[in-house]
Amino acid sequence: MGNAQEEDEVTLFEKEMKEFWIQLKISYGTEQSNQTSALTDLCKETVEALSEKWSKKLKEEDLMIDKIQEYKNEILQQGKYIAEKEEQLTEIKSKLNQEEEQQQNLTDIIQELKEELMKKMEIKSSKNKAAKEKVEQVSKITTLFKEHLALEMRRIHDEQLQFIFRHIDHKDPDKPYMCTLSINEQGDYEVISCTPPLDCIAELQLKLRETNNFSAFVANIRKAFTALSYKQSA
């Protein structure tokens, strides 16, 4: 009977041990399940928070990329604008340089014209002075010619001088023989007309220009008229 009682106690102990393990497993399983569920919820919340955080960050980065692209486009437009303005500035500088060159050329031309005009004025002044001297020379000898050679001098058509010779034709002492003289643009004596015509007038004009001896010219004209008168009377 004692053996039977010991067996019952062993059996009861084993039963109690089994129940203990069962309860332990159940208890551990429940706790593990609760922990797993808590971890799952925590992980889910963490993932959602991280997703939201990275989503926001990605949106900010997208906005930043858009802003950078906008800045790039603006810089590109500014670069094009600057390039256009530089091209326009280059054209303006080129035009200004051309205008300055043209102005300088015009200034040079004006200076050349001034110098040329001054030279012409000097030449004209010199010619006028020479012409005045020649007129004065003629005026001085007018009286002498008139008194001794029966020569009359008249100023006609501005600077033209007309010489009227008389006492040439012995048959008609008052018959006039005329020669008209002027000073040309070159400042030289020039015979305008001769009445009656003399064949030697060109030669006498050339000699007057070479020697500038006006008295000799007038005397030679008178001699030529006298010779022509004798020739016509013969």
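**A tour of the protein chain**

Start with the whole chain in cartoon view. The secondary structure of the protein chain consists of three helices and four strands. This is a predicted model. Now trace the chain from the N terminus. The elements run in the order α-β-β-β-β-α-α.

Next, switch on the surface. The protein chain exposes about 18,900 Å². Carbon and sulfur atoms supply 55% of that area. How many of the residues count as buried? Of the 234 residues in the protein chain, 18% do.

Turn to contacts. Take those between residues at least 6 apart in sequence. Of these, 38% join residues at least 24 apart.

**Stop one: helix α1**

Select residues 2-149. This is helix α1, and D62 sits in it. Is D62 buried, partly exposed or exposed? D62 is partly exposed, because its relative accessible area is 44%, and partly exposed covers values between 20% and 50%.

Now add E60, E61, D66, E70 and E74 to your selection. Together with D62, these residues form a negative surface patch. Colour the six names by charge to pick out the patch: E60, E61, D62, D66, E70 and E74.

**Stop two: helix α2**

Select residues 201-211. This is helix α2, and L206 is found here. L206 counts as partly exposed, because its relative accessibility is 48%.

Keep L206 selected and add Y189. What separates the two? Along the chain, L206 and Y189 are 17 residues apart. In space, their C-alpha atoms are separated by 8.8 Å. Draw a distance line between those two C-alpha atoms to see the gap of 8.8 Å.

Key
Residues are numbered from 1 along each chain as its sequence is written. This is a predicted model: local features need pLDDT of at least 70, side-chain atom pairs count only at pLDDT 80 or more; totals for chains, interfaces and linings use all residues. Side-chain values use heavy atoms; hydrogens and water are left out. Patches are made of residues with over 30% relative accessible area and no salt bridge: like charges are joined within 9 Å, nonpolar side chains (Val, Leu, Ile, Met, Phe, Trp, Tyr) within 5 Å. Accessible areas come from the Shrake-Rupley method with a 1.4 Å probe; for residues, only the protein chains shown count as cover. A salt bridge is a side-chain nitrogen of Lys or Arg within 4 Å of a carboxyl oxygen of Asp or Glu. Lys and Arg count as positive and Asp and Glu as negative; His and the chain ends are not counted. The place of a charge is taken as NZ of Lys, CZ of Arg, CG of Asp or CD of Glu. Helices (H or I, at least four residues) and strands (E, at least two) are DSSP runs, numbered from the N terminus. Buried means under 20% relative accessible area, exposed over 50%, partly exposed in between (1.4 Å probe, protein chains only). Contact means heavy atoms within 4.5 Å.
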